[in-house]
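User: I'd like to go through this model with you and hear the reasoning behind each label. Could you show it first?

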Amino acid sequence: MIRTAVVAAVAGHLPPRVVTNHDLALRFDTTDEWIRARTGIARRHHVDPGTTTSDLAARAGRRALENAGEEQADLVVVATTTPDRPCPATAPTVATKLGLTGVAAYDVSAVCTGFLYALHTAATAVQAGAARRALVIGAETFSTLLDPSDRTTGVIFGDGAGAVLLRAGEPGEPGSLESVHLGSDGTMADLITVRGRAAGPDHGDAGPDDPYFRMQGPQVFGAAVRHMTQSTRNVLDELGWSVADIDHLIGHQANNRILHAVTERLGLPAQRALVNIDRVGNTAAASIPLAMAHGHDTGRLRKGQRVVLTAFGGGATWGAAALTWPDLPRL
Ligand code: UT7
């Protein structure tokens with residue numbers, strides 16, 4: 001029997017503390033106008049001390065299981081750049097917090113593309129019959145990685161988690177992941193880094209002890225536009241879809257200007273890009289599942305619509321996936 005991996009539920013969770021642009025203007029030499037104009041962000045959420053990535057991930061995962069009316073998953077994959085600690089992985093902690101005793105659980109590290117990489121590995125396990133239900137969670141506490149003196153990264157990133165429950169299904173069923181393309185290029189490794197925990201002598205200018213997230217913003221911007229556009233074209237070509245067939249492009253919410261540039265290059269009307277960056281900021285691996293949950297909760301994503309997910313992140317890594325939106329339960 002040929003199996004596919006079908007999206008059975010989506011859910012998001014944001015920590016309660018809201019940080020507005022005005023709050024940040026008290027901390028950095030910046031303004032609400034600059035942040036809105038250059039990024040599209042109005043507010044983001046930050047965790048309070050003591051709240052971990054696994055806490056956020058478990059909340060989103062719990063909600064996805066509840067939305068699907070399920071209690072069990074036999075695989076938990078967590079995409080994160082901000083694990084609870086360098087070792088061991090965060091996913092087993094999340095599985096335990098969800099009461100999923102003994103299930104397979106592992107982390108995936110691909111920064112802002114992490115969710116698509118995690119989705120691919122989980123979908124492959126479901127297709128192969130190695131898992132019947134898989135929870136794929138993107139979760140981040142990026143606020144804990146930011147240099148308190150760096151206004152560029154300080155205004156962009158937010159915390160949160162998004163989860164997708166995959167189940168085994170039949171080819172052609174709405175919700176089946178129909179095409180996934182992933183890529184990477186290690187020559188761009190220096191564009192996005194946290195060097196503090198790196199081993200070896202070559203730590204660059206920031207030095208081996210730099211514990212903070214560093215990003216070469218304008219270079220990342222250009223590469224993100226190029227690779228998100230090309231990845232989207234790759235999945236369209238594989239499926240024989242045209243650009244006009246895309247009802248919603250759910251791009252990694254890094255910067256609203258990146259989303260605009262990608263739709264412009266594709267020739268897609270700008271309103272087909274689903275945008276929630278204004279309320280959550282850039283939540284890295286949590287970004288795409290949070291946007292999916294936002295689209296579902298607001299009724300924008302409807303059964304039968306064609307959806308393309310695409311992201312670019314550290315590594316560099318990039319990717320895209322396509323599906324026809326299923327009829328998902330709404331609690
Ligand atoms: O999520 C993973 C992938 N990440 C991304 O895709 C992020 C991609 N990059 C970006 O979104 C943008 O590059 C940023 C939002 C990070 C920065 O925006 P930008 O338009 O590329 O700004 P820039 O770095 O070219 O800086 C332009 C000016 C500079 O001032 P001068 O040198 O022109 O006087 C910066 O110092 O803007 C200044 N600036 C700021 N001004 C006020 C940078 N950050 C701020 C700020 N507030 N927060």
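User: Leaving aside its neighbours within four places in sequence, which residues is Glu-238 in contact with?

Analyst: Happy to start there, with the note that this is a predicted model. Glu-238 is in contact with Glu-178, Ser-179 and His-181, once neighbours within four places in sequence are left aside. Glu-238 is itself part of helix α7. A C-alpha to C-alpha distance fits the same topic: Glu-238 and Val-180 are 9.3 Å apart in space, with their positions 58 residues apart in sequence.

User: Why is Glu-238 called partly exposed?

Analyst: Its relative accessible area is 49%. Buried needs a value under 20% and exposed one over 50%, so Glu-238, at 49%, is partly exposed.

User: And what makes His-227 count as buried?

Analyst: The cut-off for buried is under 20%, and His-227 has 18% relative accessibility, so it counts as buried. His-227 lies in helix α7. Apart from neighbours within four places in sequence, His-227 is in contact with Met-188, Phe-312 and Trp-318.

User: Why is α7 called oblique to α8?

Analyst: Start with the geometry: the axes of α7 (residues 217-239) and α8 (residues 256-266) cross at roughly 45 degrees and come within 9 Å. An angle under 35 degrees would be roughly parallel, and 65 to 115 roughly perpendicular. The value of roughly 45 degrees falls in neither range, and therefore α7 is oblique to α8. As for handedness, the crossing of α7 past α8 is right-handed.

User: Which residues of α7 and α8 meet there?

Analyst: On the α7 side they are Phe-221, Ala-224, Val-225, Arg-226, Met-228, Thr-229, Thr-232 and Arg-233, and on the α8 side Arg-257, Ile-258, Leu-259, Ala-261, Val-262, Arg-265 and Leu-266. Sorted by class, this contact has nine nonpolar, two polar and four charged residues.

User: How many residues are in the largest nonpolar core, and which have the most contacts inside it?

Analyst: That core has 41 residues, and Phe-142, Met-228, Leu-249, Ile-258, Val-262, Val-308 and Phe-312 have the most contacts inside it. At least two residues of this core come from each of α7, α8, β12 (306-313) and β13 (317-324). Helix α7 gives the most, with seven residues.

User: Since β13 has come up, how do you know that Ala-322 is buried?

Analyst: Ala-322 has 0% relative accessibility, and buried means under 20%, so the label follows. Ala-322 lies in strand β13. Not counting residues up to four places away in sequence, Ala-322 touches Ser-176, Leu-177, Glu-178, Ser-179, Val-235, Leu-239, Trp-241, Val-307 and Val-308. There is also a distance to quote: Ala-322 and Ile-246 are 76 residues apart in sequence and 9.3 Å apart in space, C-alpha to C-alpha.

User: Is Ala-168 buried, exposed or partly exposed, and why?

Analyst: Partly exposed: the relative accessible area of Ala-168 is 32%, which is not under 20% and not over 50%. Ala-168 is found in strand β7 (residues 160-169). Leaving out residues up to four places away in sequence, Ala-168 touches Arg-3, Thr-4, Val-126 and Arg-132. Ala-168 and Ala-8 are 160 residues apart in sequence, and their C-alpha atoms are 9.3 Å apart.

User: Now the backbone. What makes Val-111 and Ala-284 worth pointing out?

Analyst: Most residues other than glycine have a negative phi. Val-111 has a positive phi of about 50 degrees although it is not a glycine, and Ala-284 also has a positive phi of about 50 degrees without being a glycine. Val-111 lies in the loop between β5 (104-108) and α5 (114-127), and Ala-284 in the loop between α9 (277-280) and α10 (287-297). Val-111, at 13% relative accessible area, is buried because that is under 20%. Ala-284, at 1%, counts as buried by the cut-off of 20% too.

User: Which residues are joined by cis peptide bonds?

Analyst: One cis bond joins Cys-87 and Pro-88, with omega about 0 degrees. Another joins Gly-315 and Ala-316, with omega about -10 degrees. Most peptide bonds are trans. Pro-88 has its place in the loop between β4 (75-79) and α4 (91-97), while Ala-316 lies in the loop between β12 and β13.

Technical notes. Residues are numbered from 1 along each chain as its sequence is written. This is a predicted model: local features need pLDDT of at least 70, side-chain atom pairs count only at pLDDT 80 or more; totals for chains, interfaces and linings use all residues. Side-chain values use heavy atoms; hydrogens and water are left out. Axes are lines fitted to C-alpha atoms, for helices over the stretch in contact, and angles run from 0 to 180 degrees between N-to-C directions. Helices (H or I, at least four residues) and strands (E, at least two) are DSSP runs, numbered from the N terminus. Angles under 35 degrees count as roughly parallel, over 145 as roughly antiparallel, 65 to 115 as roughly perpendicular and the rest as oblique. A crossing is left-handed if the near helix is turned anticlockwise from the far one by less than a right angle, and right-handed if clockwise. Contact means heavy atoms within 4.5 Å. Ala, Val, Leu, Ile, Met, Phe, Trp, Tyr, Cys and Pro count as nonpolar, Asp, Glu, Lys and Arg as charged, and the others, Gly among them, as polar. A nonpolar core is a set of buried Ala, Val, Leu, Ile, Met, Phe, Trp, Tyr and Cys residues joined through side-chain atoms within 4.5 Å. Buried means under 20% relative accessible area, exposed over 50%, partly exposed in between (1.4 Å probe, protein chains only).
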